[in-house]
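Okay, thanks everyone, I'll keep this short. Have a look at the structure first, and then I'll walk you through the metal site and the ligand.

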Amino acid sequence: MHIEVVSGPIEAQTAQVIAVGLFEDTELPVKGAIGELDAVLRQAISTVLSDGDFRAKKNETLLLYAYGLVPARRVILVGMGKRTHYGKEAARQAAAAVAVKAQDLHLTDLCIAAFDAESDTVPLADTVEAVTEGALLGTYQFTELKTERDAVKPSLERLAIVAPPTADAKRLAQSIRAGSVIAESTLLARDLVNRPANIASPAHIAGVAREFAASAGLDFRVLDKAAMETLGMELLLSVNQGGGEPAQMAIVEHNAQHTTLPTVVLVGKGITFDTGGISLKPSEGMEKMKGDMGGAAAVLGAIRAAALLDLPMHVVALAPLTENMPDARATKPGDVKRSLKGLTVEIINTDAEGRLVLADALTYAGEFSPDAVLDIATLTGARVIALGDHAAAVMGDEALIGRLKRAGEITGERVWQLPLFEEYGEQLKSDVADLKNVGGRPAGTITAGFFLSKFVPEDTPWVHIDIAGLGMIDKARSYVPAGGTGFGVRLLLEFLRGWCAEAQE
Ligand code: BES
Ligand code: MN
Ligand code: ZN
């Protein structure tokens with residue numbers, strides 16, 4: 001999709017369809033730039049508003065035909081909800097509503113008037129970035145495994161965003177670039193989640209990371225099984241031992257040479273398929289477990305974006321990659337393994353595998369002497385029960401959680417904190433080893449987080465993000481089509497951006 005900023009009145013734009021956003025509380029007759037469009041359209045906009053046919057409710061759309069009154073054949077009105085709620089997330093959603101509507105009509109050439117362009121609360125640059133993201137994210141389709149072309153909608157070829165003549169064109173071009181990089185990195189994560197496990201093996205995912213690392217100027221290396229054995233990553237290897245695909249740990253690094261920059265390590269759970277192992281999952285819905293590498297996809301997408309946006313920070317992405325399969329050689333409930341950290345773990349349930357691979361990866365993160373470590377993982381079904389569709393669970397360092405909360409508000413990938421009180425540790429006591437890998441049903445998300453906390457490098461601020469159930473959705477929502485969501489890419493990137501912005505102050 002070619003995206004550009006244009007100027008001149010919206011009614012003068014040549015495109016298959018032009019679009020404008022209207023707030024719920026719009027006074028009639030409509031004034032300003034949209035008022036001028038309304039006049040050319042012989043009050044069509046005022047009329048649908050006053051008749052109540054269009055109420056400008058959040059993300060509501062209405063298609064009007066222009067009958068030669070403007071160069072474009074069609075006009076889409078999109079509801080923006082309340083003006084006081086306007087911000088990047090509202091712009092993202094409204095842009096997606098318009099772009100998806102155009103895509104459903106098989107249109108390929110769209111022009112949107114920048115929402116709330118005269119606003120003094122939301123910078124135009126933010127609106128343009130968000131509109132870019134919304135259009136790209138909303139119109140994503142996972143088509144690579146479809147051979148029947150009529151199952152695929154034509155993709156949008158051009159999106160023009162109309163900005164006022166006074167706008168700083170150079171700054172807005174940067175916004176389009178940032179929005180595109182962020183959206184495309186999210187789509188990379190979605191592709192990885194959507195790809196079935198027979199394609200998206202550990203080697204495949206590491207290969208994708210190697211490729212984008214090369215093109216974005218990132219350092220890349222991989223720890224293979226032999227390296228993990230030498231290091232003593234028995235927990236990670238215990239998950240891998242029942243599978244047919246060798247484990248890999250992809251290591252991607254941005255600004256590795258810049259030793260004075262703050263270092264943040266991002267660790268993402270990369271279970272390419274989670275059968276549960278010997279603690280086998282029920283077959284109903286098991287196909288969804290191809291998405292159990294959503295955390296790995298998120299850290300890879302985030303570091304790609306960080307590199308392309310040249311963030312002044314040393315960022316490391318660690319993706320421990322393996323499938324979790326039952327087999328004659330698989331780990332058996334009750335087996336005890338020694339972690340990279342040295343702690344022994346009694347593996348009561350082989351389906352609690354994410355925390356095992358993350359534990360060794362978190363310890364390995366210490367190699368980089370990080371200022372902060374974040375892990376992100378489709379870790380517990382209990383997360384879905386606790387918070388449903390609208391917030392990831394976070395645990396750990398208060399200051400990092402504060403930063404993540406702000407990033408969540410900006411990106412719409414919101415987080416909510418759960419406690420890690422010492423008392424939860426009781427549930428992880430083992431009779432035979434230092435700890436066991438499950439803590440029973442109560443507080444399942446917390447005990448998983450508590451388990452991880454034991455493997456974090458000493459004195460390192462750390463936060464755990466549980467995204468189980470958020471990496472993949474059954475029903476499209478706003479700018480997220482059904483399937484892989486790429487959840488976490490934008491959250492992590494915004495976290496890093498916020499850190500850089502603060503460091504500059
Ligand atoms: N990958 C699952 C968690 C999951 C559940 C992700 C639903 C996405 C949607 C994880 O490995 C798992 O199996 N967790 C178990 C842990 C239990 C055995 C302590 C769970 O949540 O049931
Ligand atoms: Mn599992
Ligand atoms: Zn899992």
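So, let's start with Asp274: this residue is buried, at a relative accessible area of 3%. Keep in mind that we're looking at a predicted model. Asp351, on the other hand, is partly exposed, with 22% relative accessible area.

Now, which residues hold the manganese ion, ligand 2? On the protein side, the donors are Asp274 through OD, Asp351 through both O and OD, and Glu353 through OE, and they sit 2.0 to 2.2 Å from the metal. If you like patterns, the spacing of those donor residues along the sequence reads D-x76-D-x1-E. What about the geometry? The manganese ion (ligand 2) has six donor atoms, the angles among them run from 70 to 167 degrees, and the site comes out as irregular. It's irregular because octahedral would need opposite donors over 155 degrees apart and all others between 65 and 115.

There's a neighbour too: the zinc ion, ligand 3, is 3.2 Å from the manganese ion, ligand 2, and Asp274 coordinates both. The pair ties together distant parts of the chain, with Asp274 in strand S10 and Asp351 in the loop between strand S13 and helix H10, 77 residues apart.

On to ligand 1. It has 16 residues around it, and Lys281, Asp292, Asp351, Glu353 and Gly381 come nearest. As for contacts to ligand 1 oxygens, Lys281 puts a polar side-chain atom at 2.8 Å, Asp274 has one at 2.9 Å, and Gly381 uses a backbone N or O atom at 2.7 Å. Overall, ligand 1 has 520 Å² of accessible area on its own, and the protein covers 75% of that.

Technical notes. Residues are numbered from 1 along each chain as its sequence is written. Chains are lettered from A and ligands numbered from 1 in the order in which they are written. This is a predicted model: local features need pLDDT of at least 70, side-chain atom pairs count only at pLDDT 80 or more; totals for chains, interfaces and linings use all residues. Side-chain values use heavy atoms; hydrogens and water are left out. Donors are N, O and S atoms within 2.8 Å of the metal (3.2 Å for Na, K and Ca); water is not among the atoms, so sites may look incomplete. Four donors count as tetrahedral if all angles lie between 85 and 135 degrees; four count as square planar and six as octahedral if opposite donors are over 155 degrees apart and all others between 65 and 115; anything else is irregular. Helices (H or I, at least four residues) and strands (E, at least two) are DSSP runs, numbered from the N terminus. Buried means under 20% relative accessible area, exposed over 50%, partly exposed in between (1.4 Å probe, protein chains only). A residue is near a molecule or strand if one of its heavy atoms lies within 4 Å of it. A polar contact is a pair of N or O atoms within 3.5 Å; within protein, one must be able to donate a hydrogen and the other to accept it, and residues adjacent in sequence count only if both atoms are side-chain atoms. Accessible areas come from the Shrake-Rupley method with a 1.4 Å probe; for residues, only the protein chains shown count as cover.
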